[in-house]
Amino acid sequence: KKKKGRTVYNRKEIYKHITKSPFTEHYHAPIWNEIIPDAEWRNVPNKRPFSGLPKYIDRLRMQIMHGSLPIGPRMNYLNRTRGPDERDATLCPMCNHKETIQHRFLDCNTTQNLWNALLLIWNRIFPGEDPSLQTMLFGPSYQKDIDYNQQAVADLLCGQMITAIWDDRKEYFDRPHKPHTGTSILISKWLWKVSYSLNNMVVARTLFRNSQRRWLHTQNLSP
């Protein structure tokens, strides 16, 4: 459309038009075909209405989907500047396992403890229902027959979890000898991110007006 003599592109409408095409499928790293064989890639990034979700979560999800995060063999260049006694930059700093995107966000023991903490809160909101791998890493697909408010909160819980996981990992880039952060501290950081974002989400204020976020208690979340 035209606006004051210049063309203004509506990115939301363009994206909506593209993703309606049955021939459009977002590029993703081949590893996800094995991990999530039934994923619907046209829903990644999510075709969500505005939910107040921070944009940095979507950016991180895109990097995870494309396999473009700076971990594993991509970090070989750091080993050239480190001494023989320093930590190998291509290994997981928590468990010294060969680091991949799958290991970082799913398989590492520290990561699994964090996801277990999320499940405890998840079961308080969605009893008897576990999140799928696609929801955990890339968010829900916002289906019309499911309550929007609940999908927005599920989106926030999982989105802030992958952010907390990645924020802790990034600290080792500049501080390779940093002591391991305790799981309870990482859980507290995640809960703080969730609480802060909830205050900016109209749907959350509507859904949990009188709950005072009671389901966000940190008690008994640490392994």
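Buried means under 20% relative accessible area, exposed means over 50%, and partly exposed is in between (1.4 Å probe, protein chains only). We're working on a predicted model, where local features need pLDDT of at least 70, side-chain atom pairs count only at pLDDT 80 or more, and totals for chains, interfaces and linings use all residues. Residues are numbered from 1 along each chain as its sequence is written, and side-chain values use heavy atoms, with hydrogens and water left out.

**Exercise 1.** Find the salt-bridge partner of Arg 61 and say which parts the pair ties together.

*Solution.*
- Take the rule: a side-chain nitrogen of Lys or Arg within 4 Å of a carboxyl oxygen of Asp or Glu.
- Asp 155 fits, with its closest O atom 2.8 Å from an N atom of Arg 61.
- Place the two: Arg 61 is in helix 3 and Asp 155 in helix 8, so the bridge joins parts 94 residues apart in sequence. (Helices are DSSP runs of H or I, at least four residues, numbered from the N terminus.)
- Check burial: Arg 61 has a relative accessible area of 2%, so it's buried. Asp 155 is buried too, at 0%.

**Exercise 2.** Work out how Asp 167 and Lys 170 are placed in helix 8.

*Solution.*
- They're 3 residues apart, which means about one helical turn between them.
- Their closest N and O atoms are 3.6 Å apart, and they form a salt bridge.
- Both sides are partly exposed: Asp 167 at 26%, Lys 170 at 36%.

**Exercise 3.** Classify Lys 178 and its partner Glu 171 by burial.

*Solution.*
- Lys 178 comes out buried at 5%.
- Glu 171 is partly exposed at 30%.
- Both belong to a salt-bridge network with Asp 168 and Lys 189.
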